[in-house]
Amino acid sequence: MALIGLLTIMTTASQSPADEGMWVFNNLPLNQLKAKYGFEPTEEWITRIRSSAVRFNNGGSGSFVSADGLVMTNHHVAADTLQKLSTAENDYYRVGFLAENREAELPAPDLELNVTVAIQDVTDQVNAAVTASMSDAEAAAARRSAMAGIEQAASEANGLRNDVVTLYQGGQYHLYTYKKYTDVRLVFAPEFDVAFFGGDEDNFEYPRYCLDVAFVRAYEDGKPARPEHYLSWSANGSEAGDLVFVAGHPGRTSRLNTVAHLEYFRDTGFPFLLDLIRNREASLSVFSQQGEEEARQAKEDLFGYQNSRKARLGGYQGLRDENFMRRKQEAEQALREQVASDPESAAAYADAWDKIAASRSVAAEHLVAYNMLERGQAFESRLFQIARTLARLAAEQETPNENRLREYRETALPSLFLGLYSEAPIYPEYEIFRLTNALTYWRDTVGADDPVVQRVLGDREPEEVARSLVEGTKLGDVKVRKMMAKGGSEAIAASDDPMIALAVAVDPESRAVRKIWEDDVEGVESAQYGRIAKALFESLGDAIYPDATFTLRLAFGTVAGWEEDGETIPPYTQVEGLFEKAETKGNVDPYHVPESWVEAKESGRLDLSTPMNFVSTADIIGGNSGSPVVDREGKVVGLIFDGNIHSLILDFGYDDTLARAVSVDSRVIAEALKSVYQADALLNELTGGE
């Protein structure tokens, strides 16, 4: 439970709780579901939902929806794959794609799907590596080492992907075991114009009229995968007031964060991030205006920055809301007073909040360097990312596994190589443009006299440096990458590749600021949040859920509209509204209806009364995109693709007064496949021929 919810639980426990929570599958709120909704999921129901949920390595969710490995997700989750498969001649991102048969399905260059098969609490094992004499930084390093060892032992035992995940910001550690699919092929995606109808203008708004859906297929040994569990399709969809569930992988929330931590976001973190995002968005808009091909190359990146800008701005505005922050302060004060009232609790936990406040001061001091150098914002380029990966891979593989940077531990290498050796196209002029802008922003932010800036740029202009780097590197060739990786440190040391040289040149300062961040920010906070979590556990037991960590969660709620400014917002939209809104907007971008839909309407095939999008009170956040929405029977009734504007504060606290999750209705997916795209084979596979 978020800190904001602690006060509610402590003072109004007899009231019916809100539909709050992104619950881990090994601690579901079964009593709450029974008490409020009279719903008692069976073990079979829980297992089927858990085992059908799919995580995409690009940050989205999905689900198995057929016995032959068919996976449903959002168009915008599949967009990265669509972009990489597209060419100037075949722009699948824009015009869509439908495989005529299994042989025509297109292999994704570097897509990995993960399915959770087991969750084990390993908190005691991780914490056993820590001794009382250790500093917070030393304890964090010991825990990282223990986590790597646990993962390695598990992978050797089960042959699967194993990740130790930090929950409650350090209160618990769970080992997640995943079945992994790396042979994934594109099956279907609609046109961009209907998938993202309304564009950036309507993003996070409602009513909506989007067919934000795509299908891929997982393969094993060259044949369609045969998952043990998959979700069946609901022919009737949902109705207003229905209880619905969302099984997905929310990315990150900060509901357990202290007030000092939130004030850091409000006063320092978000202003910096928003400025960076605006810079990237503006630069990509300029590049896109150079021509149709340039616009195609930049489209997915531009959308990403537009989406991030709107999402982060919503969160920033929420943190500037005095009422919201006052409720956070009151909840935190209530817990601190409860801790202080008992001498034993006070000794164990009382100074945790002050130590986190101090760690955020360190974060503020190193924010720019950490983002520019370690996170690579100064060098925005796919080719630089490849160079850094190769240089660090060589160095880290000479280090004992338990002491490596987390992303280079043995259990992480298969996924790392999948991305490193991707055949996805790299566009030199686009790389030069992005790198030029990033170098310019870096120089303008930290100053031309900064020693690392001087080392990289000297007296040259960013455009000159960027062009020499991109035109001089050979890392666009996958064969060269493989040779470099195989050659290890000797190959890196002997290389005359300018991008490798850049990665090596900035690595000392990058590693140095990373160490500060891991030791004095993350190390301190994992220890101190762990203490706060224990205080919460002592107060509430297991009736709390951890912040989102891009691990599998179950959320629930009801299909419901809302009241705003005297207006009733209904829960459903219909296909007819798509055409009506397009007409009022002149049927021009971003409100253009594809010709396939116009023809289906004019022919009379398309049922205009079909529900298109709907909203619910389910507790979701970024990363839930592509999550299935299921009913009490576990049948698909929808597909999460967005939240409304009021949901953007859900990063920091739950409120179902106005916040809503936005879904594509299962009925419009079936109707579109039948009447617009005439994809009969896909529809029959999805619905079982219903």
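A walk through the pocket, a helix pair and some unusual loops

Let's start at the second largest pocket, where α11 gives the most to the lining, with eight residues. Keep in mind as you look around that this is a predicted model.

How many residues line this pocket altogether? There are 24 of them. If you want to find its centre, look for F192, A295, K299, L302 and D589, which lie nearest to that point. Besides α11 (292-319), the elements that give two or more residues to the lining are α5 (92-95), α8 (192-195) and α9 (199-202). As for the character of the lining, 11 of its residues are charged, eight are nonpolar and five are polar. The volume of the pocket comes to about 670 Å³.

Stepping back, what does the whole chain look like? Its secondary structure adds up to 26 helices and 20 strands. The C-alpha trace spans about 70 × 65 × 50 Å along its principal axes. A compact globule of 690 residues would have a radius of gyration near 26 Å, and this chain has 25 Å, so the two agree.

Now for a pair of helices. Two packed helices are described by the angle between their axes and the distance between the axes. Here, α15 (residues 382-396) and α21 (residues 498-505) pack at about 65°, and their axes are 8 Å apart. The crossing of α15 past α21 is right-handed. Which residues meet there? On the α15 side you'll find L383, F384, A387, R388, L390 and A391, and facing them in α21 are M499, I500, L502, A503 and V504. Sorted by class, that contact has 10 nonpolar residues, one charged and no polar ones.

Finally, have a look at the loops, where the backbone does a few things worth pausing over. Most residues other than glycine have a negative phi, and most peptide bonds are trans. Where are the exceptions to look for? One cis peptide bond runs from Y206 to P207, with omega near 10°, and P207 sits in the loop between α9 and β10 (214-220). Another joins D589 to P590, again cis, with omega near 5°. You have met D589 already, as one of the residues nearest the centre of the second largest pocket. Its partner P590 is in the loop that runs between α23 (575-584) and α24 (595-602).

Positive phi values turn up in loops as well. Q169 isn't a glycine, yet its phi is positive, near 50°; look for Q169 in the loop between β7 (161-167) and β8 (172-181). D565 is no glycine either, and its phi is about 55°. That residue, D565, belongs to the loop between β14 (562-564) and β15 (567-569).

How values were computed
Residues numbered from 1 in each chain as written. Predicted model: local features only at pLDDT ≥ 70, side-chain atom pairs only at ≥ 80, totals over all residues. Heavy atoms only, no water. 1 Å grid on protein atoms, 1.4 Å probe; cavity = no way out; pocket = protein on both sides within 12 Å on 5 of 7 lines; lining within 4 Å. Points joined across faces, edges and corners; volume = space filled by probe spheres on them. Helix = DSSP H or I, 4+ residues; strand = E, 2+ residues; numbered from the N terminus. Nonpolar A, V, L, I, M, F, W, Y, C, P; charged D, E, K, R; others polar. Axes fitted to C-alpha atoms, helices over the stretch in contact; angles between N-to-C directions. Left-handed = near helix turned anticlockwise from the far one by under 90°. Contact = heavy atoms within 4.5 Å. Rg over C-alpha atoms; globule rule 2.2 N^0.38 Å.
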